[in-house]
Amino acid sequence: MLPLFPGLRFLLFVGWQVAAATSAGTYLCSSSPVNESAVCASVKSVSQEMLLKIARGQGSPCSLTFGQYACAQNAWLQDLQDDFLISLYSCLASKPASAMDPEYSILFFSKYDAKKLVTALTMFSHWFSRVPLSLEWNMIFINGLWEKMLQVPDIESLPVLSQWVHGGLQPFLVEPKVFACLHTKNVLCDTFQMIVAALNGIYSDLPVEEQRNLYAGIKYYLTQNGSNQKCYSAAVPGLNSTAWFANYLGSFLEHATVGDLQLFGDELTLQKFARDPVNIQMISNLTLLRETAVYYTSLLTSGPGFPLSSLPDRFVCYLSPSAVSNLSRDDALSLAQRISKNCPLNLTRRGITRENAPSTLTAEELQVASSLVSKFEHFPPAVLHALGQAAVGLSVSSIENSISDKDLEASIPVLGEVRGWTAEQSSTIINKLLSSGYQILDGESLAKLGSLVAGLNSSTLQSLPAEVILEAIKLPEFVQQLVTLPSALRMTFVEKISSSVDHPADLVKHIPDALASYVPKSLLVFGEEKPNIQDLNSKMWTREQAAMFFSDVIKAEPDFSRLSQSVLQGFTCADASAVEAGRFQELARVMKKKNVKLGEDQLSCLVKMVTLHGIPKDLDSYPKDLLLFLSPSDYAVTGSCRQYFANIGKANLDILQRESSHRKQLLLEALACLKIPGTQVNKESAEILGQLVCDLGGEYIRNSGGNLLKLLSQCESFLPDQEEAIRNVISSGNTTFGPPVVWSTYTLNELSGLIPVFDHGILQKIPKNVLTLWLKTFAHDSPLSREQLVPIVEELLPTRHKRADGCPPGKQITETVLNDDLMPVYYTPEELHTCLKNVSLENYLPQILTYPFTVEQLAMMKRRLDETYPDGYPASLFPKLGSLIAFITPEDVSKLKITSSASLATLLKSQPADYQASAMIKRYVDLGNALDTTALNAIGTKYVCLLNATQLNMIDSNSLKLASLNTSACSQLTKDILYAKAKHAFSDKHYFPAYYQLIKPYLGGAPGVDLKALSKDKVNMDISTFMNLRKDSVMSLTPSEVQGLLGMNLGDLVKWQNKSPIREWVRTQKQSELDKLHVGLTGGTQEGYINIVTPRFQTPPSASLGTVAVTFHLLPTLLISSLMMLVLS
């Protein structure tokens, strides 16, 4: 079996980065055998005594060179201890490698006893399991180790191979670049097949990353000559087996993408492979990537003659609609039962969260369900029970007309277990049940509804006794359903629960976790009541909610490690006085361990407290985001500047504003630290920069070629010069991805984050079939939004022809078309409008509006809706408008019947433009509706600044108490009105620590007298809140009062002293008083001088100009009089 292992040697060393790594570092590798006489001729000899001293710990391992160890006699090396390799590596890694070191490596390890070496490697592996090895010494060591391994008896047995590959060599294999160490061998296909079989035997024992690296080597071998169908030929005996996937990929198929499969063979050949019984048996036990599973299923079912009964159970989840179109009723029921049993629910698709998605099922899953349901005309309980999950394919019409009231009620237990109902389906079922006499009398009858509970409307839920709700939420099966409810319904549940309890501790105890984040923060102020830490820890809170009780929690629980991530995120500067100064470092370490995410103000405060007594020496034990507020010099006590910026690159850089001076300075310091010459960044430096790559200017992107593209594809947004540079680099074709004209779907997926940057010039060069396949296969799981996918659709749209009457032949919009993600590419805007004429569009809007229609196509849909509803859209259509909301005009809004706060919330949830939102709010108010808590939460911080004085004065303080708003971006009038209301709303909390957190969003309207009172409460106000205070209120404060407000943040005044209102405040203060603050503020009034601040007058009406003129005329006289009185006194 020895011929197997030269091939294995090749495989493990060519890895997925072989092409890039071959030119870098392969000189460190050599081939066996080694001429010992020639290699050792110039090496100074070493005595056995010297080696014995080192073995006994009486001499330093670093006293000898690698060559001296390699050229020593075999027997002498056996005296070395098992931990000697650790010491040797540590000595060598600090030195540059020489051209002879690869030879020394082969010679040294060839003299080691195999069993002793395995023991030494196991110890070495454990020691370096978490420490990255030097790349060049990694390659040198493994060069010799591999040659030694090939000489080991029984190396072809799986136990021995596993011991070497997985145990001893693991630290070396985690770096893919070492896979380029040995030259490509001319390995035969039958030999390679044995290699895969050997590796397949240890597959399940390998870490996932190592599995990926090995798969990359396999893929490289199978595609290295650029031709498809390597190791397969129907006409060549020995190469004609269609069990190709099992033979040449094995379990490593779990890491194959659709693009990979298409590299392995053409469509017809892949279909032969897919249908081979050996392959089918193998994949039934594998977990493929989702897109690969979909593609594999289509290979099985797209051609004739494949019975669905032969399809492995886990692959029934990926069936296409065409595969189930011709089933009999019995076969349809049988398949439906398999789907219910084997298919887990997809929680998200195309980056849309469950809450925002119209359905948690993909278009294909819905269409398959619809196809199965279409086999039946009526739905008695037995059929509904057999359909199970496939009942989600029931149309609204079928629910209303094909299920009797009696059968529907009898089928509640079955229908309540179905996942993925649309809002219209569930509400139709619930309304039919209630109208037929079904009563919700207790918690059990409510819980019995299961997933159908989402069909309840808020008014029905409000009418239920609170006891029914409290009873239902004690049932685990009901609590599971709360996760799927729309926001408005969750808020109604919270209102019912909170109205039935008197104390925050009881509310926290009873509220289910799925509803916890909807509890108004003002209801979580414990005051004199002691919180139950266990109850708080068991729920997921928002940062604002946790801030309400954080100070109470840390008083009750001194051990920070016992607090949950959710509770710890509530830390604020206002709580600093509740934490002993010496314990802030402990708090920060716990936050790191629990991966607590903090905001800018929280981090800025925490770093001040952590460094209060000097910079800690273990900054790596603190949250990475904390380093954003420190410098490389601060980090020097912990590590190098390279380590500092490697951590910064992994931190959440978006905490700092994109164009802020702080963030720009970080990038400049990083470039200096990495000693990047000019504007060219190599891959190694780019990896260290991490997210900072997103801030590199256009010149860096251009001059770095393709080195930055993968990292740039992970950036959230770009500046115009960056976008232009990215297009230049891609258009040049001088990258590892090649020119767009040769891209595959895999390439496009690798760069999918850059798709929004691509212009027509790039997109038109990408093959149309690649764009289409990517949209169909990968777009579901892409984080790109519908709008960002539109440019691809525009490239694929059919050519516009002369407008014809009626829908063109073959383009009728059927249910199949409506359930097809690629629907946008089939129709021009004009065709879409014409062909939608006979479609009940409103029934399909939630689904099709997730497709990437162009602006022109969406406008045509809006036009079709207008023709259907000339007198205005009904309220039932509001939740379905989605992206069509952008086309709503003020005239349209004037026709809308926005008669409830829930309707207003539904419309505003679609995030209309300000002018649209303003019109909607006005329409709501004009119809006589109150701005209650639901309406205020719907308006939210995003739209609160649009309210006029009349609307603001309509707000009741009790409603504001339960809402969550922030007025910092609003006009001063808005701030003033809402502050007064908020002060009244929270007056009963005034003496509790949480009061500051409640009133903080409204402080921009606080008068000076209230700020003076607040300065006595040690609130440690952050500088951004201070900068947003009323200018006249700030001007009324004394230095000591400002110190009382800012507390530990007082030093931030210096950074902002040239900005209003701090600039004006400083000028009116005595410098001697400012000096007492000890923060370095300058510009105050010197003793003996009068500081005159020029007032800013509004332009007066013409009638009063004379009065103003007289005032200015007398001003010099008044000043002279004042000065004379000072002199005389």
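This report walks through a predicted model of a protein chain, from its overall make-up to some of its local details.

## The chain as a whole

Let's start with the broad picture. The protein chain has 1129 residues, and 52% of them count as buried. Its secondary structure comes to 69 helices and zero strands, so most of the landmarks below are given as helices or as the loops between them.

Contacts across the sequence are plentiful here: among those in the protein chain with a separation of 6 or more, 71% are between residues 24 or more positions apart. As for the surface, the chain exposes about 51,000 Å², with 53% of that supplied by carbon and sulfur atoms.

## A covered helix

Helix H8, spanning residues 101–110, is a good place to look at burial. This helix is mostly covered, with eight of its ten residues buried. The buried residues are Asp101, Pro102, Tyr104, Ser105, Ile106, Leu107, Phe108 and Phe109.

What do the buried residues of H8 pack against? Their partners are helix H3 (36–40), H5, helix H6 (74–77), H7, helix H9 (114–127) and helix H10 (135–150). Two of these partners, H5 and H7, come up again in the next section, where a disulfide is described.

## Disulfides

The model holds nine disulfides, counted by the distance between cysteine sulfur atoms. Three of them are worth a visit.

The pair Cys62 and Cys91 forms a disulfide with its sulfur atoms 2.0 Å apart. The link is left-handed, with -80° about the S-S bond. Cys62 sits in the loop between helix H4 (48–55) and helix H5 (66–70), while Cys91 belongs to helix H7 (residues 84–93), so this pair ties together parts that are 29 residues apart in sequence. Cys62 is partly exposed at 41% relative accessible area, whereas Cys91 is buried at 7%.

Further along, Cys641 and Cys673 are joined as well, again with sulfur atoms 2.0 Å apart. Is this link left-handed or right-handed? With 90° about the S-S bond, the link of Cys641 and Cys673 is right-handed. Cys641 is in helix H40 (residues 641–650) and Cys673 in helix H41 (residues 661–673), so far as placement goes a link between distant parts of the chain, 32 residues apart. Cys641 counts as partly exposed, at 27% relative accessibility, and Cys673 is buried, at 13%.

The third pair is Cys694 and Cys715, whose sulfur atoms are 2.0 Å apart. Their link is left-handed, with -90° about the S-S bond. Both ends are in loops: Cys694 between helix H42 (683–689) and helix H43 (698–703), and Cys715 between helix H44 (709–712) and helix H45 (720–732), with 21 residues separating them. Both Cys694 and Cys715 are buried.

## An internal cavity

A search of the whole structure turns up two cavities of 30 Å³ or more. The second largest holds about 30 Å³ of space. Its lining consists of Ala547, Met548, Ser551, Thr572, Ala574, Asp575, Pro993, Ala994 and Gln997.

Which helix gives the most to this lining? Helix H35 (residues 543–556) does, with three residues. By character, the lining of the second largest cavity divides into five nonpolar residues, three polar and one charged.

## Backbone details and a buried threonine

Most residues other than glycine have a negative phi, and most peptide bonds are trans. With that in mind, a few spots deserve a look. Ser1060 and Pro1061 are joined by a cis peptide bond, with omega about 5°. Pro1061 lies in the loop between helix H66 (1052–1055) and helix H67 (1062–1067).

Asn1020 has a positive phi, near 50°, and is found in the loop between helix H62 (1008–1014) and helix H63 (1023–1027). His1078 also has a positive phi, about 60°, in the loop between helix H68 (1071–1075) and helix H69 (1105–1128). Asn1020 is buried, with a relative accessible area of 10%, while His1078 is exposed at 71%.

Finally, Thr257 lies in the loop between helix H15 (244–248) and helix H16 (258–264). Thr257 is buried, at 11% relative accessibility. Leaving aside residues up to four places away in sequence, Thr257 touches Leu289, Thr292 and Tyr746.

Key: Residues numbered from 1 in each chain as written. Predicted model: local features only at pLDDT ≥ 70, side-chain atom pairs only at ≥ 80, totals over all residues. Heavy atoms only, no water. 1 Å grid on protein atoms, 1.4 Å probe; cavity = no way out; pocket = protein on both sides within 12 Å on 5 of 7 lines; lining within 4 Å. Points joined across faces, edges and corners; volume = space filled by probe spheres on them. Helix = DSSP H or I, 4+ residues; strand = E, 2+ residues; numbered from the N terminus. Nonpolar A, V, L, I, M, F, W, Y, C, P; charged D, E, K, R; others polar. Disulfide = S-S within 2.5 Å. Buried < 20%, exposed > 50% of the residue type's maximum accessible area, 1.4 Å probe, protein only. Contact = heavy atoms within 4.5 Å. Areas by Shrake-Rupley, 256 points an atom, 1.4 Å probe, with all protein chains shown as cover.
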